[in-house]
Amino acid sequence: MKRCDHSAPRDWVDNAVRLIDADAQRSADTHLLRYPLPAEWNVQLYLKDESTHITGSLKHRLARSLFLYAICNGWVTEGTTVVEASSGSTAISEAYFAKLLGLDFVAVMPATTSPEKIALIEAQGGRSHLVAKSPDIYTEAARLAAECNGHYMDQFTHAERATDWRGNNNIAESIFHQLTLESHPIPEWIVVGAGTGGTSATIGRYIRYRRHATRLAVVDPENSAFYGGYELSDAGYQTGMSSRIEGIGRPRVEPSFVGQVVDTMIEVPDAGSIAAARHASAVLGRRVGGSTGTNLWGAFALIADMIAADRTGSVVTLLCDGGDRYAGTYFNDDWVAGQGLSLVEPTAIIDRFIATGHWSG
C-alpha cells in the first residue's frame with residue numbers, strides 16, 4: 001500500500017483561528033446612524049458606520065474573512081509572508097491581522113495612495129510597495145509573493161467567496177437586524193460602492209436569500225470599469241485608469257463583482273463624491289471619506305426619485321471610513337483644484353436637494 005501524507009501540525013492554525021475569533025468577540029457591531037432629512041419627506045436615510053472598526057474602515061470585515069479563508073484553506077501558515085494588492089484600506093486591516101498572527105505583510109498599492117494610509121499600514125507593522133500604474137498592482141503582488149514563497153491574498157478574486165453571505169453576522173444581516181424597530185424596517189434601497197465587489201455581492205445575495213423586496217444600487221466613480229462593464233454586460237471590461245476616490249472604483253471589472261445581484265448602477269462624478277463627503281462631514285460633525293460621499297450622492301438621487309413618486313420608506317448606505325485619512329486630498333482645496341475639479345455646482349445640487357427634495361445631478 002502506498003501512502004502520501006502532506007499534512008502539517010495544526011497547532012498554529014488552531015491558535016490563529018482562535019486569535020481572530022477572539023478579536024471579533026472583543027468587538028461590538030458598528031452603529032447604524034440616522035442621517036437628518038426633512039421630516040415631511042417621510043423618508044429615512046441611514047448610514048452603517050464602518051469607520052468604528054478597530055482599523056477604521058469597512059475593510060476590517062473583509063480582512064478578517066480573507067485571513068480565515070486563507071488559513072482554513074491551508075494557504076497561510078506559520079511564517080507565511082502575506083502580500084496584498086490594495087488601494088489602502090484593505091491593506092491597513094490586513095496589516096492589523098498579520099501583526100495579530102505574527103506574520104510579515106506587504107501591501108502593493110498605487111503611488112497615489114494617501115500618505116495617511118501608508119502611515120497607518122506601517123503603524124501596524126506592514127510594509128508598503130508602491131507602483132506607478134494602478135493596473136500593475138495585481139501582477140506585482142503575485143510576483144512579490146512568489147519571490148518570497150509567500151501568499152498573495154488577492155482580495156479582488158476572493159472577496160465574494162470569503163464572506164458567508166447567508167448570515168453569520170455579515171454586514172447585510174447586521175443592517176436588517178438593526179432596522180427591525182424602525183418605521184420602515186425593510187429598506188427600499190441599499191446603496192454601496194464597489195472596490196472588490198465583495199460587499200455588493202454579500203448584500204445582494206442576502207437580500208435574495210431572505211426574500212426581501214429591497215433593491216441594491218451600486219455607485220461608481222469616474223475612471224472605474226464597474227459601470228461600463230455592467231452597462232455592457234461585459235465582465236472583461238477595462239478602463240486601465242485609476243480612481244481618484246480611494247477604496248472604490250477599479251481599472252477593470254474585478255472577479256468578485258457579481259453584477260447579476262445588482263438592481264441599478266449610478267455613475268457619480270468625482271466632484272460630486274467630494275462635495276457630498278464635505279457636506280456629510282459638516283452635518284455629522286466629523287470628516288468622512290470620499291467613498292462615503294459617492295454613496296450619499298447615489299442615495300440622495302434615489303431618495304429624490306422616491307419623493308417624486310410620493311413613496312415613503314428607508315434607504316441605507318455605508319459610512320466606509322473616516323475623512324482624516326484624506327486631509328491632504330478631498331479636504332484640501334489646493335489638491336481639488338489641482339485635479340481640475342470644481343465643487344461649486346455639485347455643492348449647489350446637494351443644497352437644492354436638501355431644501356426641495358429635487359435632484360438635478
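Here are some notes on a predicted model, covering one helix, a few buried residues, two pockets and the aromatic rings.

1. Let's start with helix α8, which runs over residues 198-209 and so counts 12 residues by the DSSP assignment. From first C-alpha to last, α8 reaches 16 Å, close to the 16 Å expected at 1.5 Å a residue. Just after α8, R211 takes a positive phi of about 60 degrees, if you want a backbone spot to look at.

2. How many of the 12 residues of α8 are buried? The number is 10, and the helix is mostly covered. The buried ones are G198, T199, S200, A201, T202, I203, G204, R205, Y206 and I207. They pack against three strands and two helices that you can pick out in the viewer: β7 (189-193), β8 (215-221), β10 (313-319), α6 (155-162) and α7 (171-178).

3. L216 shows the β8 side of that packing. This leucine sits in strand β8, and it counts as buried because its relative accessibility is 0%. Setting aside residues up to four places away in sequence, L216 touches S200, I203, G204 and I207, and those four are among the buried residues of α8. Its other contacts are W189, I190, V192, V261, V262, D263 and T264. As for W297, it is 81 residues away from L216 in sequence, and the two C-alphas are 15 Å apart in space.

4. Next, the largest pocket, with about 630 Å³ of space. Its lining has 27 residues, and R61, R64, S65, N168 and N169 lie nearest the centre. Elements that give two or more residues to this lining are α1 (11-25), α2 (59-72), α6 and α8. Which element gives the most? That is α2, with seven residues. By class, the lining splits into six charged, 11 polar and 10 nonpolar residues.

5. The second largest pocket holds about 330 Å³. Of the 28 residues that line this pocket, S87, T112, S243, I245 and E246 are the closest to its centre. Here α3 (89-101) and α6 are the elements giving two or more residues. The class count for this lining is 17 polar, seven nonpolar and four charged. Note that α6 also turns up in the list for the largest pocket.

6. On to the rings: the model has 15 aromatic pairs. One of them is F67 with F97, where the ring centres are 6.1 Å apart and the planes make 40 degrees, so the pair is tilted. This pair links distant parts of the chain, since F67 is in helix α2 and F97 in helix α3, 30 residues apart. Are these two phenylalanines buried or exposed? Both F67 and F97 are buried.

7. There is also a ring cluster worth loading up. Ring pairs link Y35, W41, W297, F300, F353 and W359. H279 connects to this region: leaving aside neighbours within four places in sequence, it is in contact with Y35 and F300, as well as I350 and I354. H279 is found in helix α10 (residues 270-284). Why does H279 count as buried? Its relative accessible area is 17%, and the cut-off for buried is under 20%.

Notes. Residues numbered from 1 in each chain as written. Predicted model: local features only at pLDDT ≥ 70, side-chain atom pairs only at ≥ 80, totals over all residues. Heavy atoms only, no water. Expected span 1.5 Å × (residues − 1). Buried < 20%, exposed > 50% of the residue type's maximum accessible area, 1.4 Å probe, protein only. Contact = heavy atoms within 4.5 Å. 1 Å grid on protein atoms, 1.4 Å probe; cavity = no way out; pocket = protein on both sides within 12 Å on 5 of 7 lines; lining within 4 Å. Points joined across faces, edges and corners; volume = space filled by probe spheres on them. Nonpolar A, V, L, I, M, F, W, Y, C, P; charged D, E, K, R; others polar. Phe/Tyr/Trp six-rings, centres within 6.5 Å; stacked < 30°, edge-to-face > 60°.
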